[in-house]
Amino acid sequence: MTTLAVTLGAAAAVAVVGPSSAAATEGYCGISWGSLAKTASSTEVAPLVGVRGGRHYCWDRLVVDIRSGGADGYRVQYVSEVTQDGSGHVVPLRGGAKLQIIAIAPAYDGSGNSTFNPANRSELVNVAGWQTFRQVAYAGSFEGQTTIGLGVRARLPFRAFTLNNPDGGSRIVIDVAHFW
């Protein structure tokens, strides 16, 4: 009887301590995104009109708003330095890691008129006190694409995707997890 009790106790401890196979592949908040580059081919192009952010329980979010007509192409990746479109000048960013966000969407219309005029190119979104984001900066728009630099606390998992707006526009969403 004592051997049976010890065996059952050990089995119960293993069941409580041992992770399930699903839990073993998921990290913080069930996130399994990773930190490698994310891309989506462009099937539509429209002008970029805004950048905004939001805080969530498990991640910080950056949203790139696209005018009616929508756009869905992007490249998001960690880089050693974010550079300005056209000139190649380094865009200074606070944080331990830098995400380069390239929206396949110009910040100007078909006549060359600007559609995005940030008040402060170095601080597109006020992220003071946020858990993961440290700085959001405009790196320019050149040859049909717009680059945004996102300084983050560390190289953390992220995801990128597009959503359609009810008005016919779209938005590119980048979520960066607070932890691994």
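**A walk from a disulfide to a sheet**

Start at Cys29, which is partly exposed, with a relative accessible area of 39%. The model shown here is predicted. What is Cys29 joined to by a disulfide? The partner is Cys58, and the two sulfur atoms lie 2.0 Å apart. The link between Cys29 and Cys58 is left-handed, with -80° about the S-S bond. This pair links distant parts of the chain. Cys29 sits in the loop between α2 and β1, while Cys58 sits in the loop between β2 and β3. The two cysteines are 29 residues apart. In general terms, a disulfide is a covalent bond between the sulfur atoms of two cysteines.

The two ends of this link fall into separate classes of exposure. Cys58 has a relative accessibility of 12%, so it counts as buried. Buried means under 20%. Cys29, at 39%, is partly exposed. How many disulfides does a search of the whole structure find? It finds 1.

Stay with the loop between α2 (21–25) and β1 (38–40), where Ser32 also lies. Is Ser32 buried or exposed? Ser32 counts as exposed because its relative accessibility is 51%, and the cut-off for exposed is over 50%. Now look for Ala177. Along the chain, Ser32 and Ala177 are 145 residues apart. In space, their C-alpha atoms are separated by 9.8 Å.

Next come the charged pairs. Side chains of opposite charge can pair when their charged atoms come close. Searching the whole structure gives 4 salt bridges. One of them joins the side chains of Asp65 and Arg52, at 2.8 Å from N to O. Why does this pair tie together separate parts of the chain? Asp65 lies in strand β3 (residues 59–66) and Arg52 lies in strand β2 (residues 48–55), so the pair ties together parts that are 13 residues apart in sequence. Asp65 counts as buried, at 15% relative accessibility. Arg52 counts as partly exposed, at 42%.

Strand β3 holds another charged residue, Arg61. Arg61 forms a salt bridge with Asp175, and their closest N and O atoms are 2.6 Å apart. Asp175 lies in strand β11 (residues 170–177), so its pairing with Arg61 ties together parts that are 114 residues apart in sequence. Is Asp175 buried or exposed? Asp175 counts as buried, because its relative accessibility is 0%. Arg61 and Asp175 also belong to a network of salt bridges, in which they are linked with Arg159.

A further salt bridge lies between loops. Glu123 pairs with Arg94, with the closest N and O atoms 3.0 Å apart. Glu123 is in the loop between β7 and β8, and Arg94 is in the loop between β6 (90–91) and β7, so the pair ties together parts that are 29 residues apart in sequence. Glu123 is partly exposed, with a relative accessible area of 29%. Arg94 is partly exposed too, with 44%.

Now turn to the strands. Strands of a sheet pair through backbone hydrogen bonds, either parallel or antiparallel. Here an open sheet of 5 strands runs in the order β1-β4-β7-β9-β8, and the pairing is antiparallel. Which strands form the edges? The edge strands are β1 and β8, each of which pairs on one side only. From one strand to the next, the twist averages 15°.

Follow the order inward. Strand β4 (residues 74–79) is joined to β7 by 6 bridges, and the two run antiparallel. Tyr78 stands opposite Leu99 in β7. Strand β7 (residues 97–103) is also joined to β9, by 7 bridges, again antiparallel. Lys98 has Gly151 in β9 as its bridge partner.

On its other side, β9 meets β8 (residues 133–142). That antiparallel pairing runs over 8 bridges. Phe133 has Val152 in β9 as its bridge partner. The strands β8 and β9 make a hairpin with 2 residues between them. In this hairpin, Glu143 takes a positive phi near 50°.

How covered is strand β9 (residues 145–152)? It is mostly covered, with 7 of its 8 residues buried. In the sheet order, β9 stands between β7 and β8.

Terms used: Residues are numbered from 1 along each chain as its sequence is written. This is a predicted model: local features need pLDDT of at least 70, side-chain atom pairs count only at pLDDT 80 or more; totals for chains, interfaces and linings use all residues. Side-chain values use heavy atoms; hydrogens and water are left out. Buried means under 20% relative accessible area, exposed over 50%, partly exposed in between (1.4 Å probe, protein chains only). Helices (H or I, at least four residues) and strands (E, at least two) are DSSP runs, numbered from the N terminus. Two strands pair if DSSP finds at least two bridges between them. A disulfide is a pair of cysteine sulfur atoms within 2.5 Å. Axes are lines fitted to C-alpha atoms, for helices over the stretch in contact, and angles run from 0 to 180 degrees between N-to-C directions.
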